[in-house]
Amino acid sequence: MTGKTSAPTRSMDAAVSPSVAPEEWTVTEGSPAVRRPHHVAPGTNIAYHPELIEQLRRDHLSLLGLLASMEEASLAGDMPAALSQLHTLKRELQAHVLLEKVRLYVYLDHQLSTNDPSRALVKQMRHRISAVANTVGAFVDHYRTSAHESALTFMGELESIAQLLVSHIQEEEDLLYPLYRPAQEATTVSRQSPSAG
């Protein structure tokens, strides 16, 4: 035995976690093997997650479902039921925005080259989602403290919020989400030790 550590095979990697994207093992003599994802945005540790876009779309459906439920309750004259969902709407939107900002926007910002025109879209959409979240947050906070306003006023503002969210969701799903794909695998130059011979 030479004392050198060899990298585990890909089949061993798949057996440990078959749902995880392929990874490579970094092995330094004298230290344990460390997993490093192949698809990491350049200059970051933000990895590509194949399930991310599907999760974000599920979030969108959940948010739109909450808005529809609130609208239905307010149309039926059940303002307490409509207002009771405000906190859930705000909480789910905040969690969604955080996930997008950390896993999607940062990844895309580092993945796209500086001269890629899509980079401007990513920046614009990042600012827009913050504005949308702030608008929804202000709406929620207003109605959580001012529940005595008319149902008609609430429904009008809820409709505006729904239109804002629907518009933003369509833009994200049509323009932004298709940009999210695995990072180009960098060409790795193998450093081979000189062969004896």
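Which way, left-handed or right-handed, does H4 pass H5? In this predicted model, the crossing of H4 with H5 turns out to be left-handed. Helix H4 covers residues 86-111 and helix H5 covers residues 118-145; their axes come within 10 Å and cross at roughly 165°. Angles over 145 degrees count as roughly antiparallel, so H4 and H5 are roughly antiparallel to each other. As for what lines the contact of H4 with H5, its residues split into 15 nonpolar, eight charged and three polar.

H4 has another packing partner in H2. Here the axes lie 10 Å apart, and the angle between H2 and H4 is about 160°. H2 and H4 are therefore roughly antiparallel to each other as well, and their crossing is again left-handed. A handy residue to look up in H4 is Leu93. With a relative accessible area of just 4%, Leu93 falls under the 20% cut-off and therefore counts as buried. From Leu93 to His60 it is 33 residues along the sequence, while in space their C-alpha atoms sit 8.8 Å apart.

Next comes the nonpolar interior. In soluble globular proteins, nonpolar side chains tend to be buried together. The largest nonpolar core in this model has 41 residues, and those with the most contacts inside it are Leu104, Phe139, Phe154 and Leu176. Several helices chip in: H2, H3 (79-84), H4, H5 and H6 each supply at least two residues of this core. The top contributor is H5, which gives nine residues.

Then there are the aromatic rings. A pair of them is described by the distance of the centres and the angle of the planes. The count comes to six aromatic pairs. Take Tyr48 and Tyr180: their ring centres are 4.8 Å apart and their planes sit at 25°, which is under the 30 degrees cut-off, so this pair is stacked. The two tyrosines come from distant parts of the chain, 132 residues apart. Tyr48 belongs to the loop between strand S2 (34-37) and helix H2 (52-75), whereas Tyr180 belongs to the segment after helix H6 (151-176). Both Tyr48 and Tyr180 are buried. Tyr107 joins in too, as ring pairs link Tyr48, Tyr107 and Tyr180 into a cluster.

Notes
Residues are numbered from 1 along each chain as its sequence is written. This is a predicted model: local features need pLDDT of at least 70, side-chain atom pairs count only at pLDDT 80 or more; totals for chains, interfaces and linings use all residues. Side-chain values use heavy atoms; hydrogens and water are left out. Axes are lines fitted to C-alpha atoms, for helices over the stretch in contact, and angles run from 0 to 180 degrees between N-to-C directions. Helices (H or I, at least four residues) and strands (E, at least two) are DSSP runs, numbered from the N terminus. Angles under 35 degrees count as roughly parallel, over 145 as roughly antiparallel, 65 to 115 as roughly perpendicular and the rest as oblique. A crossing is left-handed if the near helix is turned anticlockwise from the far one by less than a right angle, and right-handed if clockwise. Ala, Val, Leu, Ile, Met, Phe, Trp, Tyr, Cys and Pro count as nonpolar, Asp, Glu, Lys and Arg as charged, and the others, Gly among them, as polar. Rings of Phe, Tyr and Trp (its six-membered ring) pair if their centres lie within 6.5 Å; planes under 30 degrees apart count as stacked, over 60 as edge-to-face and the rest as tilted. Buried means under 20% relative accessible area, exposed over 50%, partly exposed in between (1.4 Å probe, protein chains only). A nonpolar core is a set of buried Ala, Val, Leu, Ile, Met, Phe, Trp, Tyr and Cys residues joined through side-chain atoms within 4.5 Å.
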